[in-house]
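Welcome! Please take a look at the sequence and the 3D structure, and keep them open as you read.

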Amino acid sequence: MTEAVGGQTYGNTENNIAAGLRVPQEPDDPDFAEQRSAPYRYLVVTERVAACAFLVGTLGLIILQVVSRYVFNSPLTWTEELARFALLWFTFVSAGFVMARRIHIAVDLLASKLGRKGTIVLDTFALAMVIIASGMMAFAGAEFAAGAARLQAPATSLPMSLVYSSAVAGFALICFHALVHMYLNIRHPELVPDAMENLEREAV
């Protein structure tokens with residue numbers, strides 16, 4: 001028996017839950033929340049596209065700066081500044097996407113020694129710490145960005161609040177995705193060990 005979710009078909013193997021969702025086999029595979037919710041899937045895809053756009057934009061601005069400086073001997077004043085700003089946005093938007101797919105670097109020495117219940121408790125506790133830390137950083141960043149609203153970048157005259165808002169967006173995305181994963185841990189605890197076992201098999 002199979003079920004189509006988000007345009008893809010998932011079979012009910014031993015790793016599947018009752019709804020027909022499956023354990024992601026690759027980092028590019030939709031996570032459980034993405035398989036279940038189309039708006040959440042669109043959000044994650046938007047984060048990925050935005051991160052790629054900022055990365056390509058950063059590379060393009062750097063190339064433009066090199067060409068204008070060493071080929072035409074007439075360096076542009078705004079490319080370096082925009083490249084720095086694009087790199088900041090790329091970093092924080094990418095952090096949100098990495099949290100959504102749970103492909104960040106993690107130390108699992110303790111988790112590997114625990115059973116199913118211990119792994120769920122440990123993972124939920126780690127997510128709670130992420131939620132608290134990222135929530136506080138997003139709030140502090142918003143205050144800092146608001147305080148810098150009158151400041152302007154020297155070369156582009158862009159408001160510095162726009163630059164500092166990258167941290168606010170990044171930490172807010174991290175907090176939101178951590179909340180989603182914590183909800184899944186509580187509502188569908190059977191997914192936690194299955195997902196970790198799958199990642200260990202992929203690493204072997």
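What follows is a short report on aromatic rings, a surface patch and cysteines. Please keep in mind that this is a predicted model.

**Aromatic pairs**

Let us start with the rings. A pair of aromatic rings is described by the distance of the centres and the angle of the planes. How many aromatic pairs does a search of the whole structure find? The search finds four, and two of these are described here.

Take Y40 and F176 to begin with. Their ring centres lie 6.0 Å apart and their planes meet at 45°; this angle falls between the 30 degrees below which planes count as stacked and the 60 degrees above which they count as edge-to-face, so the pair is tilted. The two residues come from distant parts of the chain: Y40 belongs to helix α2 (residues 38–70), while F176 belongs to helix α5 (residues 160–187), and 136 residues separate them.

Now turn to F54 and W89. This aromatic pair is stacked, with 6.0 Å from centre to centre and 20° between the planes. Again, distant parts of the chain are linked: F54 is in helix α2 and W89 is in helix α3 (residues 79–101), 35 residues apart.

**Buried or partly exposed?**

Are the residues of these pairs buried or partly exposed? The table lists each of them, together with one isoleucine and two cysteines that come up below.

| Residue | Relative accessible area | Class |
|---|---|---|
| Y40 | 7% | buried |
| F176 | 38% | partly exposed |
| F54 | 27% | partly exposed |
| W89 | 19% | buried |
| I62 | 42% | partly exposed |
| C52 | 43% | partly exposed |
| C175 | 15% | buried |

W89 makes a nice worked example: buried means under 20% relative accessible area, so W89, at 19%, counts as buried.

**A charge over a ring**

Which ring has the charged end of R41 sitting over it? That ring belongs to Y42, and the charged end of R41 is 5.7 Å from the ring's centre.

**A nonpolar patch**

Next, find the surface patch. L59, I62, I63, V66, V67, Y70, V71 and F72 make up a nonpolar patch, and together they have about 820 Å² of accessible area. One of its members, I62, is placed in helix α2. With a relative accessibility of 42%, I62 is partly exposed.

**The cysteines**

Finally, how many disulfides does a search of the whole structure find? The result is zero. Two cysteines you can look up are C52, which is partly exposed at 43%, and C175, which is buried at 15%.

Technical notes. Residues are numbered from 1 along each chain as its sequence is written. This is a predicted model: local features need pLDDT of at least 70, side-chain atom pairs count only at pLDDT 80 or more; totals for chains, interfaces and linings use all residues. Side-chain values use heavy atoms; hydrogens and water are left out. Rings of Phe, Tyr and Trp (its six-membered ring) pair if their centres lie within 6.5 Å; planes under 30 degrees apart count as stacked, over 60 as edge-to-face and the rest as tilted. Helices (H or I, at least four residues) and strands (E, at least two) are DSSP runs, numbered from the N terminus. Buried means under 20% relative accessible area, exposed over 50%, partly exposed in between (1.4 Å probe, protein chains only). A charge sits over a ring if NZ of Lys or CZ of Arg is within 6 Å of the ring centre and within 35 degrees of the ring normal. Patches are made of residues with over 30% relative accessible area and no salt bridge: like charges are joined within 9 Å, nonpolar side chains (Val, Leu, Ile, Met, Phe, Trp, Tyr) within 5 Å. Accessible areas come from the Shrake-Rupley method with a 1.4 Å probe; for residues, only the protein chains shown count as cover. A salt bridge is a side-chain nitrogen of Lys or Arg within 4 Å of a carboxyl oxygen of Asp or Glu. A disulfide is a pair of cysteine sulfur atoms within 2.5 Å.
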